[in-house]
Amino acid sequence: MTTATTKGARDHARAQAGQITDSMPVLPASDWPWAPSDVTASTLIWAETIPGGRYATKVLGRGTRLRLTDVTGSGCVSMVLLRADAPWERLNVADTVKVPWQAYLGSGHPLLSDQARILATIVADSSGHHDTFCGTTTLTANTAKYGAGELYSASPAGRELFTLAAAKHGLSPRDVGPSVSFFHGVRVAADGTLLSSGTAGPGATVDLLIHLPVIALLVNTAHPLDPSDTFDTGPVQVLAWPALDELVELPNTEPEYQRAVLNTEDAWAAAQNGEAL
């Protein structure tokens, strides 16, 4: 089939309708052909594969469960969350580390906003290789390491990708704060040096439960401490489905977490009452 003419190009494009590849969002999400055994495909509201060097973004409602899967063991998803109904409230990485008295992310760890509310809680984690210290990559750093860091280069920087993802929601670069990263771990040595602990290998997953409606910005690009001199970031799968009932029994009984839950529920109740009026 030739694309040398307008008709040929149109026919070629239309012939691909309905095809699903491993590097695209699937619409509707319920058509996702690789649903894991514990997820009913018909319930999916987001199903997408983010190739290395790309981004994805979605507005997710309260009570959504979000699963990220490192397909090849070489993905690194950096995440920024902003409250969808009040985007000036956003992920605060410092409080996410400080309030739970724990810098290493794992099951039961909240992702806190700058208003001491929980935007999401990690409710399952088979990776254990995450990072709250380094943020994502920059144009300058990627250019120095890989030779390029622009959006449409072979090694786009995370900051550049976040800027584009945020623009999809009318947000500017100043709206993109520090991020957390999943699937590439960092540990702190006794002398304070930040050390890469690599990944957990293919198939590792992390699940988050969304507490307040959020704008989720995800970028999949090499970690700033990735030891490879080449840009080798692999694909990450993103699935989401309704799980509102899971907000009833949460996986953390620590007092700091419970206080953050109260802050969150108070804000949600007030917002809902305002809508009713």
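## A tour from S113 outward

Begin by selecting S113, which is buried, its relative accessible area being 0%. This is a predicted model, and S113 sits in the loop that runs between β5 (110-112) and β6 (118-125). If you display its surroundings and ignore residues within four places in sequence, S113 is in contact with E89, R90, L91, N92, D95 and L119.

From that list, move next to L91, in the loop between β4 (77-83) and α2 (93-98). L91 has a relative accessible area of 6% and, because buried means under 20%, it falls in the buried class. Apart from residues up to four places away in sequence, L91 touches M79, V80, L81, T96, L111, L112, S113, L119, P178, S179 and V180. For a sense of distance, pick the C-alpha atoms of L91 and S196, which lie 105 residues apart along the chain and are separated by 23 Å.

**Into the core**

Now select L111, one of the residues that L91 touches. With neighbours within four places in sequence left aside, the contacts of L111 are M79, L81, L91, T96, L105, R117, I118, L119, A120, F182 and L208. Which members of the largest nonpolar core touch the most other members? They are L66, L68, M79, L81, L111 and F182, out of the 30 residues in that core. Colouring strand β11 (residues 204-210) is useful at this point, since this strand gives the most to the core, with four residues. A second core, separate from this one, consists of eleven residues and includes V80, L82, L171 and L217.

**Backbone details**

The next stops concern backbone geometry. Most residues other than glycine have a negative phi, and most peptide bonds are trans. Select A116, in the loop between β5 and β6, where phi is positive at about 65° although the residue is not a glycine. At 36% relative accessibility, A116 counts as partly exposed.

F183 is the next residue to pick, in the loop between β8 (180-182) and β9 (185-188). Its phi is near 85°, again a positive value in a residue other than glycine. Is F183 buried or exposed? F183 is buried, with a relative accessible area of 0%.

For the last local stop, go to the peptide bond that joins L27 and P28, which is cis, with omega at about -5°. P28 belongs to the loop between α1 (6-15) and β1 (46-50).

**Zooming out**

Finally, show the whole chain as a cartoon, in which five helices and 13 strands can be traced. Taken along the principal axes, the C-alpha atoms fill a box of roughly 65 × 55 × 40 Å. The radius of gyration is 19 Å, which agrees with the value near 19 Å that a compact globule of 277 residues would have. Of the 277 residues in the chain, 46% are buried, and among contacts between residues at least 6 apart in sequence, 72% join residues at least 24 apart.

If you switch to a surface view, the accessible surface of the chain comes to about 12800 Å², with 54% of that area belonging to carbon and sulfur atoms. Colouring by charge then brings up 18 positive and 28 negative side chains, and the centres of these two sets lie 8 Å apart.

Terms used. Residues are numbered from 1 along each chain as its sequence is written. This is a predicted model: local features need pLDDT of at least 70, side-chain atom pairs count only at pLDDT 80 or more; totals for chains, interfaces and linings use all residues. Side-chain values use heavy atoms; hydrogens and water are left out. A nonpolar core is a set of buried Ala, Val, Leu, Ile, Met, Phe, Trp, Tyr and Cys residues joined through side-chain atoms within 4.5 Å. Buried means under 20% relative accessible area, exposed over 50%, partly exposed in between (1.4 Å probe, protein chains only). Helices (H or I, at least four residues) and strands (E, at least two) are DSSP runs, numbered from the N terminus. Contact means heavy atoms within 4.5 Å. The radius of gyration is taken over C-alpha atoms; the globule rule is 2.2 Å times the number of residues to the power 0.38. Accessible areas come from the Shrake-Rupley method with a 1.4 Å probe; for residues, only the protein chains shown count as cover. Lys and Arg count as positive and Asp and Glu as negative; His and the chain ends are not counted. The place of a charge is taken as NZ of Lys, CZ of Arg, CG of Asp or CD of Glu.
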